[in-house]
Protein chains: 2
Amino acid sequence: MSKRLQKPFPALYPVPVTLITCLGSEGEPNVFTASWVGTVSSSPPQVAISVRPYRYSHVAIEQTGEFVINIPDESLLRAVDVCGHISKARADKFAMTGLTLMPASQLKTPLVAECPVNIECQVVQKISLDSHDLFVSKIIAVHVDEALLDEAGFIDYSRTRPIAYLGNEYWGLGQRLNTSGFFRRETR
Amino acid sequence: MSKRLQKPFPALYPVPVTLITCLGSEGEPNVFTASWVGTVSSSPPQVAISVRPYRYSHVAIEQTGEFVINIPDESLLRAVDVCGHISKARADKFAMTGLTLMPASQLKTPLVAECPVNIECQVVQKISLDSHDLFVSKIIAVHVDEALLDEAGFIDYSRTRPIAYLGNEYWGLGQRLNTSGFFRRETR
């Protein structure tokens, strides 16, 4: 395998595609698309999300200390694309996309009703990183569409159809390849 | 859509599957599997990776201030699984998996030769988050397999076949759904 050396760029793939909801200073909801989101700890469960300081939503998240990660499926791709390219200052994204809201359990920030999984997050700390600020946040509740759950109450990922982001492309998931730890079962 | 409220857990999906290389205190290389990795800023390009403090690799990354994110493809799934479940203290993971190393351009830490993309990272800060520490790191070089590049020198993601992690399952990617900003072209 021959490799070409390239200048630094955000080369990591595949990254998750999510819709983030937050609340403006007058309680008005907003939604935007984010893929620079990651899990950062297990106990307590925490995530981190990067947001540009000049974004409308940055002020909202900083002021309220909360946001919701909503995980869309492929059927919401057009809404995802709109919410990644349109600013709240210029258009009503809910009217443009048909996305609707439902109340959270712990936060004032609402959930996107059409997303099958919603993760309520409370900001713990903000870390400034030049172009972006990183909000490290505790997960305080998770909502899952009943239709995704198997008989034991676990998520059946074959029903989820999430969207991954590679470069500037949206990709669907393919096949389940295996479960973690499979090599142990093979070598027994 | 009826939703079930669940207790907090690390619910984000799909997340990337990567192999991280680092160097021990006597210069011996190690490799481990990580999916709690994310892009956190664009200028400069930075990533963050979460590592448990008691891990062998945590000491290594802390002492050297560097690591490499190696992005595997589906052909490396077994190696990925081994490197996620075996500690360096207990086995030679390179012998177990057949993974080989090649020199980086800027770091002492080597790259996994078989991974088509390698991202050289220099730690900028460590943030302690209870179960894990978060290493925020600058990307200082990227290596890409020539076979992935199109005629213009960009990555053709249809050739990459990366692995995503959902719950405790490894998944392949499916179809490219669209490119970012497609709704604008549709509505013109």
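Strands β5(B) and β6(B) form a hairpin with 2 residues between them; strands are DSSP runs of E with at least two residues, helices are runs of H or I with at least four, and both are numbered from the N terminus. This is a predicted model, in which local features need pLDDT of at least 70 and side-chain atom pairs count only at pLDDT 80 or more, whereas totals for chains, interfaces and linings use all residues. Residues are numbered from 1 along each chain as its sequence is written, while chains are lettered from A and ligands numbered from 1 in the order in which they are written.

**Strands around β6(B)**

Strand β5 (residues 37-42) of chain B and β6(B) pair in the antiparallel sense over 5 bridges, where pairing requires that DSSP finds at least two bridges between the strands. Within this hairpin, Ser42(B) has Pro45(B) as its bridge partner. β6(B) is also joined to β11(B), by 6 bridges, and the two run antiparallel. A further antiparallel pair is made by β10 (residues 117-129) of chain B and β11(B), with 12 bridges. β10(B) and β11(B) form a hairpin with 2 residues between them, and Asp130(B) in the turn has a positive phi of about 60°. Bridge partners in these pairs, together with one that crosses between the chains, are listed below.

| Residue | Partner in β11(B) |
|---|---|
| Ile49(B) | Phe135(B) |
| Val47(B) | Ser137(B) |
| Ile127(B) | Leu134(B) |
| Arg4(A) | Val144(B) |

The last row belongs to the pairing of strand β1 (residues 3-6) of chain A with β11 (residues 132-145) of chain B, which is antiparallel over 4 bridges.

**Burial and the nonpolar core**

A residue is buried if 20 or more other C-beta atoms lie within 10 Å of its own, exposed if 12 or fewer, and partly exposed in between, with C-beta atoms placed from the backbone. In strand β6 (residues 45-51) of chain B, 7 of the 7 residues are buried, so the strand is largely enclosed by the rest of the structure. Pro45(B), Val47(B), Ile49(B) and Val51(B) point one way from β6(B), Gln46(B), Ala48(B) and Ser50(B) point the other way, and all are buried. For β11(B), 12 of the 14 residues are buried, so this strand too is largely enclosed by the rest of the structure.

The largest nonpolar core has 116 residues; such a core is a set of buried Ala, Val, Leu, Ile, Met, Phe, Trp, Tyr and Cys residues joined through C-beta atoms within 7 Å. The residues with the most contacts inside this core are Ile20(A), Ala164(A), Ile20(B) and Ala164(B). Leaving aside neighbours within four places in sequence, Ile20(B) is in contact with residues including Val31(B), Phe32(B), Ile49(B), Ser57(B) and Phe67(B), contact meaning that C-beta atoms, placed from the backbone, lie within 7 Å.

**Helix α1 of chain A**

In helix α1 (residues 56-64) of chain A, Ser57(A), Ala60(A) and Ile61(A) are buried. They cover an arc of only 95° around the axis, which puts them on the same side of α1(A); the arc is that of the directions from the helix axis to the C-beta atoms. Among the elements of chain A that cover these buried residues are β3 (18-23), β4 (29-34), β6 (45-51) and β7 (66-71). The helix is followed by Gly65(A), whose phi is positive, near 70°.

**The relation between the chains**

An open sheet of 6 strands has the order β2(A)-β12(A)-β13(A)-β13(B)-β12(B)-β2(B), with antiparallel pairing. β2 (15-16) of chain A and β2 (15-16) of chain B stand at the edges, each with a single partner strand, so one side of each is left without a neighbour in the sheet. Within chain A, β12 (residues 163-166) and β13 (residues 169-179) pair in the antiparallel sense over 4 bridges, and Leu166(A) stands opposite Glu169(A).

In total, 84 residues of chain A are in contact with 84 residues of chain B. β13(A) gives the most to the side of chain A that touches chain B, with 11 residues. That side divides into 48 nonpolar, 25 polar and 11 charged residues, where Ala, Val, Leu, Ile, Met, Phe, Trp, Tyr, Cys and Pro count as nonpolar, Asp, Glu, Lys and Arg as charged, and the others, Gly among them, as polar. Of the interface residues of chain A, 100% are also interface residues in chain B, so the copies meet through the same surface.

Chain A can be laid on chain B with an RMSD of 0.0 Å by a turn of 180° and a shift of 0.0 Å along the axis. That is the relation of a two-fold axis; the copies are superposed by least squares on the C-alpha atoms of residues with pLDDT of at least 70 in both. Of the residues of chain A, Gly174(A) comes closest to the rotation axis, at 1.9 Å (C-alpha).

Note on methods. Contact = placed C-beta atoms within 7 Å.
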